[in-house]
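Here are some exercises to help you find your way around a structure that is new to you. Try each task by yourself before you read its solution.

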Amino acid sequence: MADHVRLKDIAEAANVSVSCVERYLNQSGYVSAEKRGRIEDAIKETGYIPNRTARTLRGQKSKLIGHIRTYAEDNRMFNKLAMELDNQAYQMGYLVIDMVYKQEDGIQELKNKITALLGYQVDAIIFSCCVDTKYTGDIQHILYDFLSRLPIPVIMMERAFDIYSVNKVFVDYKEGSFNATKKLIEAGHKDIAYLGKKTDLPVEKERLQGFLEAMEAENLPVNREKRLILVDDYHIQDGCMGMEKFLETEPYPTAIFTASDIFASAAVRTLTKHKLRIPDDMSIVGYDDTYAEVLTPPISTMRLPFQEMVRNALKIVAENGKNGEKKSGQTIIISPEYIERESVKRIS
C-alpha cells in the first residue's frame, strides 16, 4: 500500500492541508504540535514512505550527510563519534552515509570516496579522519580542489587541516592536557611521566604541549629521556612497550598522564603484570573516556565532548544555505571535561 500513498491521502487522513504535510516532511515551516501528531499517525496508518530521491531531483535538500572516518581497530574514539553523529542526525531527520578510510587505502581511494558521496548529492561532508603526516599536504590539496567550490559545507571534526573554507569543530587538547596534569599536581605529585604518540600532527603535539606547560607552570622539571615516552601508534602493544620503559629504572614516577584511554589500558595491564597497584604504587590519568570507566580500577580521564562536537557540526549543516550563503570557514573549539574516578592517589 505504501507505494501508492500520496501526500493528498496523508492530508485527508490527518485532516490538514497538503501544504501542511509538505512543511512537516520537508521541515520547511511551522506545523503545530497537534497537527504534527495527526500527520505522524496518518503516516503510520497508511505506511507512507517519503521518496528522498524525488525530493533531491526537485532541488530540495537530500537530508543525507556524508561521513568519512578513520578505521581504528583499537581506538573506540572514532566509533563513538560516528555513533553520536548517526544518532543526532537521525533525530534531526538526516541519514548518514558512513565511509571508513584506512591509512593504507591511499590518496586515490579517499578521492574516490569523496566523489561517491557527491554522487549522492549529500547536504554536507563531515570528516573525522586521522591521516598519516606524509599524506597531510596531499589531502589538503584534494579537499580544496574537490570541495572548496561546492555549495555544501565541509566540516572536519576532532582533527582539522589548515584549509580556510573548511569548517572545523575540534577539542582544545592542550587545555585538556594542562588541566589533567594540574589535577595530578594538585594531588601532590611532582614526578609525573607522559605516555603519548610519536607524530607531528597538531592533536598529538597539543596534548604533549599541555602537559609540558602545566609542569613548567609549577617549576617541575621533566626528564625527557625517562619521563617522556612517545610510541608509534594508538595500540595496546605500543602502550605496553612504552610503560615498560618507565619501569626499567627506579624510582618509578608516582603518576603517569596518558594521551589516550588506550594507553591508560596499557598502563593498567603493565602495572598489574609487575604486581604494582593503582593508585597506591602509581596514579594514572587517561584521555578521551572511551575505556577508562570499565578498567580496574576505573580510571580518571579527560572526557571528549562528543555530543557537543556533533551538535555544532550538525548546526552548520542545518543552517547552510540560509540567506543564500554557504557555511564555510567557521571554527569551533570545545573544552574537554576532567572525570575523576579511582586512579589518582593524594600524596603529601
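## Exercise 1: Following one strand through a sheet

Strands β6 and β8 run parallel and are joined by 4 bridges. Keep in mind that the model is a predicted one.

**Task.** Start from this pair and find the order of the strands in the open sheet of 6 strands.

**Solution.**

Step 1. Look for a residue pair that ties the two strands together. Ile192 stands opposite Ala255 in β8.

Step 2. Stay on Ala255 and look towards β9. Ala255 also stands opposite Ser283 in β9. Moving along, Ile256 has Ile284 as its bridge partner in β9. In total, 3 bridges join β8 (residues 255–258) to β9 (residues 283–288), and these two strands run parallel.

Step 3. Now write out the whole row. The order is β7-β6-β8-β9-β10-β12, and the pairing is mixed. β7 (228–231) and β12 (337–339) each have a single partner strand, so one side of each is left without a neighbour in the sheet. From one strand to the next, the twist averages 15°.

Step 4. Add the helices. Helix α8 (residues 173–186) packs on the sheet and touches β6 (192–197), β8, β9, β10 (300–303) and β12. The direction of α8 makes about 165° with that of β9. Helix α9 (residues 202–217) packs on the sheet too, touching β6, β7, β8 and β9. For α9, the direction makes about 170° with that of β6.

## Exercise 2: Two sides of a strand

**Task.** Which residues of β8 point one way and which the other way?

**Solution.**

Step 1. Recall a general pattern: side chains in a regular strand alternate between the two faces of the sheet.

Step 2. Apply the pattern here. Ala255 and Phe257 point one way, while Ile256 and Thr258 point the other way.

Step 3. Check the burial. All four of these β8 residues, on both sides, are buried.

## Exercise 3: A strand with its neighbours

**Task.** How many of the residues of β5 are buried, and which strands pair with β5?

**Solution.**

Step 1. Count the covered residues. In β5, 5 of its 5 residues are buried. Asn167, Val169 and Val171 lie on one side, with Lys168 and Phe170 on the other.

Step 2. Find one partner. β4 (residues 154–157) pairs with β5 in the parallel sense over 3 bridges. In this pairing, Met157 stands opposite Val169.

Step 3. Find another partner. β5 is joined to β11 (residues 331–334) by 4 bridges, and these strands run parallel. Here the bridge partner of Lys168 is Thr331.

Step 4. Zoom in on Asn167, which belongs to β5 (residues 167–171). Its relative accessible area is 0%, and buried means under 20%, so Asn167 is buried. A polar atom of the Asn167 side chain lies 3.1 Å from the backbone nitrogen of Gln330. Beyond its neighbours within four places in sequence, Asn167 is in contact with several residues, including Pro153, Ile155, Ile316 and Lys327.

## Exercise 4: A threonine and its surroundings

**Task.** Is Thr301 buried or exposed, and what does its side chain reach in Gly286 and in Tyr287?

**Solution.**

Step 1. Place the residue. Thr301 lies in strand β10.

Step 2. Judge the burial. Thr301 counts as buried, at 0% relative accessibility.

Step 3. Follow the side chain. The Thr301 side chain reaches the backbone oxygen of Gly286 at 3.2 Å. The backbone nitrogen of Tyr287 is reached by this side chain at 3.0 Å.

Step 4. Widen the view. Leaving aside neighbours within four places in sequence, the contacts of Thr301 include Asp261, Val285, Ala292 and Tyr338.

## Exercise 5: Rings and charges

**Task.** Which residues form one aromatic cluster, and which ring does Arg207 lie over?

**Solution.**

Step 1. Collect the rings. Tyr173, Tyr194, Phe211, Phe257 and Tyr287 form one aromatic cluster. The count of aromatic pairs comes to 5.

Step 2. Look for charges. Arg207 lies over the face of Tyr287, 5.0 Å from the ring centre. Arg76 lies over the face of Tyr291, at 5.3 Å from the ring centre.

Conventions:
Residues are numbered from 1 along each chain as its sequence is written. This is a predicted model: local features need pLDDT of at least 70, side-chain atom pairs count only at pLDDT 80 or more; totals for chains, interfaces and linings use all residues. Side-chain values use heavy atoms; hydrogens and water are left out. Two strands pair if DSSP finds at least two bridges between them. Axes are lines fitted to C-alpha atoms, for helices over the stretch in contact, and angles run from 0 to 180 degrees between N-to-C directions. Contact means heavy atoms within 4.5 Å. Buried means under 20% relative accessible area, exposed over 50%, partly exposed in between (1.4 Å probe, protein chains only). A polar contact is a pair of N or O atoms within 3.5 Å; within protein, one must be able to donate a hydrogen and the other to accept it, and residues adjacent in sequence count only if both atoms are side-chain atoms. Rings of Phe, Tyr and Trp (its six-membered ring) pair if their centres lie within 6.5 Å; planes under 30 degrees apart count as stacked, over 60 as edge-to-face and the rest as tilted. A charge sits over a ring if NZ of Lys or CZ of Arg is within 6 Å of the ring centre and within 35 degrees of the ring normal.
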